[in-house]
Amino acid sequence: GTCSGTTLTGCELSIFDIHNPNSITNVSGINIVDGVNTVFVSGHYLYLGTNSDGSTNNEFRIYDISNPGIPVSVGGFSYNQNLNSIYVQGKYAYLGFAGDNTTGTEVKIYDITNAASPIAVGSIDTAGASGGAGGVKSIYVQGKYMYLGLTAITGTCTGAGGTATGCEFRIYDLSNPIIPAYQSGVDVTAD
């Protein structure tokens, strides 16, 4: 279908007015092309993560939705990896990728003070994320802590203060977002 105006057929991302739950209405849509994995809204920005199509399409995209009827693309970038989870807190965006065989870091932290030009400030290698093992499925940030849910990964998970290698659930201290510090984890032995 066609993605334009309030005709949302063919839009991979649709924006609805839900102020009256008994009368939800179409507002606008965006033709993303690649599959949408995650959406996070903070302030007047919408942060979007997609599947990689192996080309230069941005897996991380930022839209200004000050006017939800006309979302405007303002920034983003491509990693050629599936972006599965986004969490925004303050001036930082925390991105979780399925696996990154190029840089070896599945969590990437960006300063988004200027949404048109995010700046990489930190990252985490989830140790062994190859062939889908240890890829990030979800990120949640509360205060100075980041919580990660990962796909099944082999290794020894020794919890607090030990090694994170086999932990599918992990907690990191973000007091210094440039160098996140592993705090604790749990081996849940399943996706």
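# Exercises on a predicted all-strand chain

D111 has a relative accessibility of 14% and counts as buried, where buried means under 20% relative accessible area, exposed over 50% and partly exposed in between, with a 1.4 Å probe and protein chains only. The structure is a predicted model, in which local features need pLDDT of at least 70 and side-chain atom pairs count only at pLDDT 80 or more, while totals for chains, interfaces and linings use all residues. Residues are numbered from 1 along each chain as its sequence is written, and side-chain values use heavy atoms, with hydrogens and water left out.

**Exercise 1. Find the salt-bridge partner of D111, and state where the two residues lie.**

Step 1. The criterion is a side-chain nitrogen of Lys or Arg within 4 Å of a carboxyl oxygen of Asp or Glu, and by this rule the count comes to two salt bridges.

Step 2. The partner of D111 is K91, with 3.7 Å between the closest N and O atoms. Since D111 belongs to strand β9 and K91 to the loop between β7 and β8, the pair ties together parts that are 20 residues apart in sequence. Strands here are DSSP runs of E with at least two residues, numbered from the N terminus, and helices are runs of H or I with at least four.

Step 3. K91 is partly exposed, at a relative accessible area of 41%, whereas D111 is buried.

**Exercise 2. Describe the salt bridge between K144 and D173 in the same manner.**

Step 1. The closest N and O atoms of K144 and D173 are 3.6 Å apart. This pair links distant parts of the chain, with K144 in the loop between β11 and β12 and D173 in strand β13 (residues 169-173), 29 residues apart.

Step 2. K144 is partly exposed at a relative accessible area of 39%, while D173, at 12% relative accessibility, counts as buried.

**Exercise 3. Derive the order of the open sheet that contains β8, and identify its edge strands.**

Step 1. Two strands pair if DSSP finds at least two bridges between them. On that basis β7 is joined to β8 by six bridges in an antiparallel run, β8 pairs with β9 over five bridges, again antiparallel, and strand β9 (residues 107-111) pairs with β10 over five bridges in the antiparallel sense.

Step 2. The result is an open sheet of four strands in the order β7-β8-β9-β10 with antiparallel pairing. The edges are β7 (83-89) and β10 (119-124), and because each has a single partner strand, one side of each is left without a neighbour in the sheet. Neighbouring strands are turned by 20° against each other on average, direction ignored, the axes being lines fitted to C-alpha atoms, for helices over the stretch in contact, and angles in general running from 0 to 180 degrees between N-to-C directions.

Step 3. Individual partners fix the register: Y87 is bridged to Y94 in β8, L95 to K108 in β9, and V107 stands opposite I124 in β10. The hairpin of β7 and β8 has two residues between the strands, and G90 in its turn has a positive phi of about 65°.

**Exercise 4. Decide whether strand β8 is enclosed or open to the outside.**

Step 1. Six of the six residues of β8 (residues 92-97) are buried, so the strand is largely enclosed by the rest of the structure.

Step 2. In a regular strand the side chains alternate between the two faces of the sheet. In β8, one side carries Y92, Y94 and G96 and the other A93, L95 and F97, all of them buried, so that both faces are covered.

**Exercise 5. Characterise the sheet that starts with β11.**

Step 1. The order of this open sheet of four strands is β11-β12-β13-β14, with antiparallel pairing. Its edge strands, β11 (136-142) and β14 (181-186), each pair on one side only, and the twist averages 20° from one strand to the next.

Step 2. Six bridges connect β11 with strand β12 (residues 145-150), an antiparallel pair in which I139 stands opposite L148.

**Exercise 6. Examine the backbone and exposure of N80.**

Step 1. Most residues other than glycine have a negative phi, and most peptide bonds are trans. N80, although not a glycine, has a positive phi of about 55°.

Step 2. The residue N80 lies in the loop between β6 (72-77) and β7, and its 41% relative accessibility places N80 among the partly exposed residues.
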